[in-house]
Amino acid sequence: MKKLIVFSASLFVLAATAAPLQGGNVPPPSVILGRKEVPVLCYHQVRDWKPTDSKVSKDYIMPPADLKAEFKMLHDSGYHTILPDQLYAYLTKGAALPSKPIMLTFDDTDEDQYAVAWPEMKKYGFKGVFFIMTISLNKLPHYMTVAQVKELYAAGNVIGSHTWDHHNVKKYAGKDWEIQIDKPTKQLEAITGSPIHYFAYPFGLWNPQALPELRKRGFIMAFQLADKMDHTDPLLTVRRIIVGGGWSLKTFDAAIKRDFH
């Protein structure tokens, strides 16, 4: 019990030091790129496959039994989940992280993330990041309600922005930044009562022109997928991997160790 209390205190310190860093001193990109990468996993739907699911779709659909096995393996292997404030403090200031850190992220507001993944996370004391596509809110049975998002946030998870309707950032023009980023982010801030500093690119797609637009909107870190981080702004191009549905635990373990170094 003492160990848990100390760890919780360290989380509080890291969060307290990381939160005000928006607009603060950030080291050169070479320093950030030189740090050992922390594994960041990306999940989407959590449900059993249907006969109508295509082979490609199955890569984005995690059967609940597989998810439960993966979370148990992470716990039994000694991994500790971290949140974006901790990752930001580590990348920018070299702040200490728990042993075997890993980040769990969930895209697209699917209700099964709340109904299936969250109970499994609570079982192991895990926390994660839920990137919310606001057009989907309250559209049960497939998507989360505002009340569920509030509950996830109140329980210590992080809520991040994931656009209004999953429009590709590389195609933004005119009022797209207002429609896809500004209004949805304000809506999420009203739901959580806190600033939203983290963003995930739909489809993992980004371009250099998007980075200053996100920066001036107050985002301090953004998450893509497995492409190389931008050499001028790695904080806005943090890498993740999609955990494929149907992976064996051996493949899952190998992917974590292979893709982050």
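The following paragraphs lead the reader through one part of a predicted model, beginning with helix 6 and moving outward to the strands, the nonpolar cores and several unusual loop residues.

Helix 6 comprises residues 111-124. Its 14 residues, at 1.5 Å a residue, should span 20 Å, and the C-alpha atoms at its ends are indeed 20 Å apart, so the expected and the modelled span agree. The helix nevertheless has a kink of about 40° at A117, shortly before the proline P119. Directly after the helix comes G125, whose phi is positive, near 75°.

Many residues of this helix are buried, namely E111, D112, Q113, Y114, A117, W118, E120, M121 and Y124. In an α-helix there are 3.6 residues a turn, so residues three or four places apart point the same way. The buried residues of helix 6 are covered by several elements, including strand 1 (40-43), strand 2 (45-46), helix 4 (64-76), strand 5 (101-107), strand 6 (129-132) and helix 7 (146-154).

The interior may be considered next. The largest nonpolar core has 47 residues, of which L41, Y43, F71, L74, L104 and Y201 touch the most other members. Helix 6 makes the greatest contribution to this core, with five residues. The surroundings of F71 illustrate the packing. Apart from neighbours within four places in sequence, F71 is in contact with Y43, L104, F106, A117, E120, M121, Y124 and F126. Of these contacts, A117, E120, M121 and Y124 are also among the buried residues of helix 6. Another core, of 20 residues, lies apart from the largest one and includes L87, Y90, V158 and L235.

The strands on either side of helix 6 are paired with each other. Strand 5 and strand 6 run in the parallel sense and are joined over three bridges; T105 has V129 of strand 6 as its bridge partner. Between these two strands the chain passes through helix 6, and the resulting β-α-β crossover is right-handed. Side chains in a regular strand alternate between the two faces of the sheet. In strand 6, V129 and F131 point one way while F130 and I132 point the other way, and all of these residues are buried.

A further unit follows along the chain. Strand 6 also pairs in the parallel sense with strand 7 (residues 158-161), over four bridges, and I132 has S161 of strand 7 as its bridge partner. Together, strand 6, helix 7 and strand 7 form a β-α-β unit that is right-handed.

The loops that connect these elements hold some notable backbone geometry. Between strand 5 and helix 6 lies D108, a residue other than glycine whose phi is nevertheless positive, near 90°. D108 counts as buried because its relative accessibility, 14%, falls under the 20% limit. H166, in the loop between strand 7 and helix 8 (176-192), likewise is not a glycine yet has a positive phi, of about 70°. H166 has a relative accessible area of 16% and is therefore buried.

What joins L140 and P141? The link is a cis peptide bond, with omega about 10°. P141 belongs to the loop between strand 6 and helix 7. Its relative accessibility is 60%, so P141 counts as exposed. The C-alpha atom of P141 is separated by 44 Å from that of N25, a residue 116 places away along the chain.

Technical notes
Residues are numbered from 1 along each chain as its sequence is written. This is a predicted model: local features need pLDDT of at least 70, side-chain atom pairs count only at pLDDT 80 or more; totals for chains, interfaces and linings use all residues. Side-chain values use heavy atoms; hydrogens and water are left out. The expected span of a helix is 1.5 Å times one less than its number of residues. The bend at a residue is the angle between axes fitted to the seven residues ending there and the seven starting there. Buried means under 20% relative accessible area, exposed over 50%, partly exposed in between (1.4 Å probe, protein chains only). Contact means heavy atoms within 4.5 Å. A nonpolar core is a set of buried Ala, Val, Leu, Ile, Met, Phe, Trp, Tyr and Cys residues joined through side-chain atoms within 4.5 Å. Two strands pair if DSSP finds at least two bridges between them. A crossover is right-handed if, with the strands pointing away from the viewer, the path from the first strand over the helix to the second runs clockwise.
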